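Me: Could you take a close look at one part of this model with me? I would like to hear about the sheet and what packs on it.

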Amino acid sequence: MEKRNIQFSPPDITDAEINEVVDTLRSGWITTGPKTKESERLISQRCNTEKAVCLNSNTACSEMTLKILGIGPGDEVIVPAYTYTASASVIEHVGATPVLIDCEKGKFTWDYKKLESAITDKTKVIIPVDLFGIPADYDRVFEIVERKKKLFHPTQNTPAGQSTDLDIWGFRIQKGIGRVIVMADAAHSFGAVYRGKPVGSIADITNFSFHAVKNMTTAEGGAVVWKNIPGIDNDELYHLYMLYSLHGQSKDALSKNQLGAWEYNIVAPWFKCNMTDVHAAIGLGQIRRYDDILARKRQIIEKYDVAFKELPVRILQHYTKEYQSSGHLYIMSLTGKTREEANQFIAGLANLGIASNVHYKPLPLHTAYMSLGYNANDYPNCIEQFNNEVTLPLHTVLSNDDVDYIIWGVKKIYHELFG
């Protein structure tokens, strides 16, 4: 078969995105403005929430949310050990303590029994991660936090420089929810469905990523959505996100640009992580054809699933009666193989022009987390899952011939290496 050059995850950009960006550039307004606000409207509509906030990354959404929740020193936040660093680094950024949970035996999902045991009176937030686009078991998560409800006591960390009115927001939200807060890392799962509900409408707060490799991209970007919280006005909470993401400035640039409306106030020395209209324009082109993107992903996944049944490998189910994945990543575990053997498999695919990857190297194997005191020996199931994992190309730039070539290549290299 003639050699092809298949990238791992290029962005799917069409005239729809290009025309939106050109329209933005010609409008004379390229920072946060009408395109960003329209993106927020469409995202909240898709998630069945009243509001959405677009920022410059999922990481910013997560960190700003932890800030608003009043999370800080003395608090604990629980997160899977099998995830990308962004899920956990934000906990460090606000001065709280990450509590890492090992996988279930033979699975990529975290061990729910260990999750429940890890909840203490210091636990303020848990972060389920929708790995590969597959929703976490949210019913089980909420059962756990309800059982541990008596341990929860609202508190408020108060960084220097905040006004009295802003100090109490975290306490108010914690009190309104009344238990450990479920803040989903849905970086992979925009468009996924859990028990008939869109991801975004399930967890208390949900953060999405629109990075260049995601199903829906704004090049760099993210969004946060939330369910209604007792005692919290959604317009006020939205405004608080605006303050946190734009220097604590009481007016955004669009409002300040109105004739005679220059006056503004800095309510606190905060952050700069707003989304621009140039980025939002890409997202508008994407979200308007997103159903087609999801459908194409499913088509490819189902073709892979059938083709790889004959190989002694494990693949994840993306579509079941309980959930429908966003189809973000196609994970293949080479049963009984080592990391070295899996790396040889990746190199073999590369020789055929097929780029593949690994998702993820568990957090306790990274220098940053070792230096914080995490020991890989405490996470044996994570390490076992990592040791033979390979991620195949799964994107909507793939043609049917590309998909056939990848299937051919995977079988060829597997049989050459392992018989």
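Reply: Happy to; here is a walk through the sheet, then a helix lying on it, and two residues in its surroundings.

A word on the basis: this is a predicted model, in which local features need pLDDT of at least 70, side-chain atom pairs count only at pLDDT 80 or more, and totals for chains, interfaces and linings use all residues. Residues are numbered from 1 along each chain as its sequence is written, and side-chain values use heavy atoms, with hydrogens and water left out.

Let's start with the sheet. It is open and mixed in its pairing, with 7 strands in the order β1-β9-β8-β5-β4-β2-β3. Strands here are DSSP runs of E with at least two residues, helices are runs of H or I with at least four, and both are numbered from the N terminus. Two strands pair if DSSP finds at least two bridges between them. At the edges are β1 (52-55) and β3 (97-101), each pairing on one side only. On average, neighbouring strands of this sheet are turned by 25 degrees against each other, direction ignored. Within the sheet, β4 (residues 123-126) pairs with β5 (residues 181-186) in the parallel sense over 2 bridges, and Val125 stands opposite Ile181 in β5.

Now for the helix. Helix α3 (residues 58-68) lies across β1, β4, β5, β8 (205-209) and β9 (222-226), and runs at about 155 degrees to β8. Angles run from 0 to 180 degrees between N-to-C directions, and axes are lines fitted to C-alpha atoms, for helices over the stretch in contact.

Thr65 lies in this helix, α3. Thr65 counts as buried because its relative accessibility is 1% (buried means under 20% relative accessible area, exposed over 50%, partly exposed in between, with a 1.4 Å probe and protein chains only). Leaving aside neighbours within four places in sequence, Thr65 is in contact with Met183, Ile205, Asn207, Val224 and Tyr241, where contact means heavy atoms within 4.5 Å. A polar atom of the Thr65 side chain also lies 2.7 Å from the backbone oxygen of Cys61.

Another helix worth a look is α5 (residues 112-118), which holds Ala118. With 16% relative accessibility, Ala118 counts as buried. Beyond its neighbours within four places in sequence, Ala118 is in contact with Glu76, Ile78, Val99, Ile101 and Thr123.

Terms used:
Polar contact = N/O pair within 3.5 Å; in protein donor to acceptor, adjacent residues only side chain to side chain.
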